[in-house]
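Me: I am new to this structure. Please take one part of it and go through it closely, in plain terms.

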Amino acid sequence: MLLSNEQLERYRSDGFLLIESLLDQQEVEALRSAFTRDCKSPGPHLITEEGSARVRAIYASHRRQSEFADLVRDHRLLAPVQQILTKDVYIYQFKINSKSAFGGEKWSWHQDYLAWRIADNLPAPRQVNVGVFLDDVTEFNGPVIYLPGSHHGGMLNDRRSADSKSVQHLDPDDIALTPQQLSDHVARRGMVSPKGPAGSVVFFSSEVVHGSAPNMSPHPRRLLIATYNDVANQPSWPEQPRPEYVVCRDAEPLRSLGRSFLKNGELVSIT
Ligand code: HL5
Ligand code: SIN
Ligand code: MN
């Protein structure tokens with residue numbers, strides 16, 4: 001699977017690109033079961049909503065469940081990432097943001113690369129995020145909203161706020177845009193929230209501003225986000241590097257499976 005020149009052009013201009021129904025229903029089911037299974041392994045990689053036992057996010061599932069280990073090598077995800085970024089890429093971060101029905105909380109407006117520059121000394125914004133919809137995404141269940149073109153001007157902020165929302169990871173709340181910054185950007189090119197059936201995929205830049213509203217609908221919105229980084233762009237590790245679940249250490253270039261991750265029900269084991 002390769003992106004057309006027109007799709008590449010859209011990614012470069014907007015900072016994101018939606019491909020509807022890239023994965024089929026059987027594959028989505030397999031990923032959902034792997035997610036449910038993974039949520040049963042306790043640890044700091046599991047982040048709950050404030051004052052609740054509900055899962056807000058879970059990190060590094062690709063290190064524990066083969067479905068995800070294979071998915072990140074699936075040619076439908078990896079080939080476009082290589083086209084956008086470079087041939088040698090690895091997984092920098094893997095997370096599933098689970099916005100549950102009736103109360104999944106918001107994710108504040110932010111740029112990802114700022115988090116990684118502050119927390120991990122990541123030298124350059126040479127990442128592509130791949131967002132995989134594990135549920136149908138509609139206007140009702142808290143879709144991610146992007147500000148098209150906002151990846152062109154570099155980082156809008158330069159520090160983390162003093163009060164941290166979560167110690168396990170850097171919550172977008174801690175690096176959120178000001179209302180003024182947001183209004184200025186929206187006045188330029190507006191806001192877009194890609195929607196589509198489960199199995200749809202959004203490729204998005206680590207510089208594009210994005211955020212999402214709470215989910216007050218009766219439908220969950222589970223979103224898997226795999227962040228690929230250029231192998232030549234490793235963090236220069238700070239004195240106290242963050243745990244491996246939030247910044248992956250395995251920087252071996254990923255090799256494509258050359259097939260869909262569930263072809264013939266086949267899964268390769270975790271490496
Ligand atoms: N939670 C991530 C981290 O690395 C950063 C956020 O969406 C990415 C801003 O801790
Ligand atoms: C994020 O940027 O990681 C959060 C986006 C979302 O899950 O809505
Ligand atoms: Mn983000």
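Reply: A polar side-chain atom of Arg221 lies 2.8 Å from an oxygen atom of ligand 2. His210 has a polar side-chain atom 2.9 Å from an oxygen atom of ligand 2, and for Trp107 a side-chain N or O atom is 3.4 Å from an oxygen atom of this ligand. Taken alone, ligand 2 exposes 260 Å², of which the protein buries 97% (accessible area by the Shrake-Rupley method with a 1.4 Å probe). Each pair above is a polar contact, that is, two N or O atoms within 3.5 Å.

This is a predicted model, in which local features need pLDDT of at least 70 and side-chain atom pairs pLDDT 80 or more, while totals for chains, interfaces and linings use all residues. Residues are numbered from 1 along each chain as its sequence is written, chains are lettered from A and ligands numbered from 1 in the order written, and side-chain values use heavy atoms, without hydrogens and water.

The shell around ligand 2 consists of Lys95, Asn97, Trp107, His110, Val144, His210, Ser212, Arg221, Leu223 and Ile225, where a residue is near if one of its heavy atoms lies within 4 Å. By class these are 4 nonpolar, 4 polar and 2 charged residues; Asp, Glu, Lys and Arg count as charged, Ala, Val, Leu, Ile, Met, Phe, Trp, Tyr, Cys and Pro as nonpolar, and the others, Gly among them, as polar. Strand 10 (221–230) gives the largest share, 3 residues. Strand 4, strand 5 (107–110) and strand 9 also supply at least two residues each. Strands are DSSP runs of E with at least two residues, helices runs of H or I with at least four, both numbered from the N terminus.

Two histidines of this shell, His110 and His210, also reach a metal. The manganese ion (ligand 3) has the protein donors His110 (NE2), Asp112 (OD) and His210 (NE2), lying 2.1 to 2.2 Å from it. A donor is an N, O or S atom within 2.8 Å of the metal (3.2 Å for Na, K and Ca), and water is not among the atoms, so the site may look incomplete. Along the chain the spacing of the donors is H-x1-D-x97-H. Asp112 in helix 5 and His210 in strand 9 (residues 210–212) are 98 residues apart, so this pair links distant parts of the chain.

His110 leads on to ligand 1: a polar side-chain atom of His110 lies 3.3 Å from an oxygen atom of ligand 1. Gln93 has such an atom 2.8 Å from an oxygen of ligand 1, and a nitrogen of ligand 1 is 2.9 Å from a side-chain N or O atom of His169. The protein covers 96% of the 310 Å² that ligand 1 has accessible on its own. Helix 5 (112–120) gives the most to the shell around ligand 1, with 3 residues.

Methods: Polar contact = N/O pair within 3.5 Å; in protein donor to acceptor, adjacent residues only side chain to side chain.
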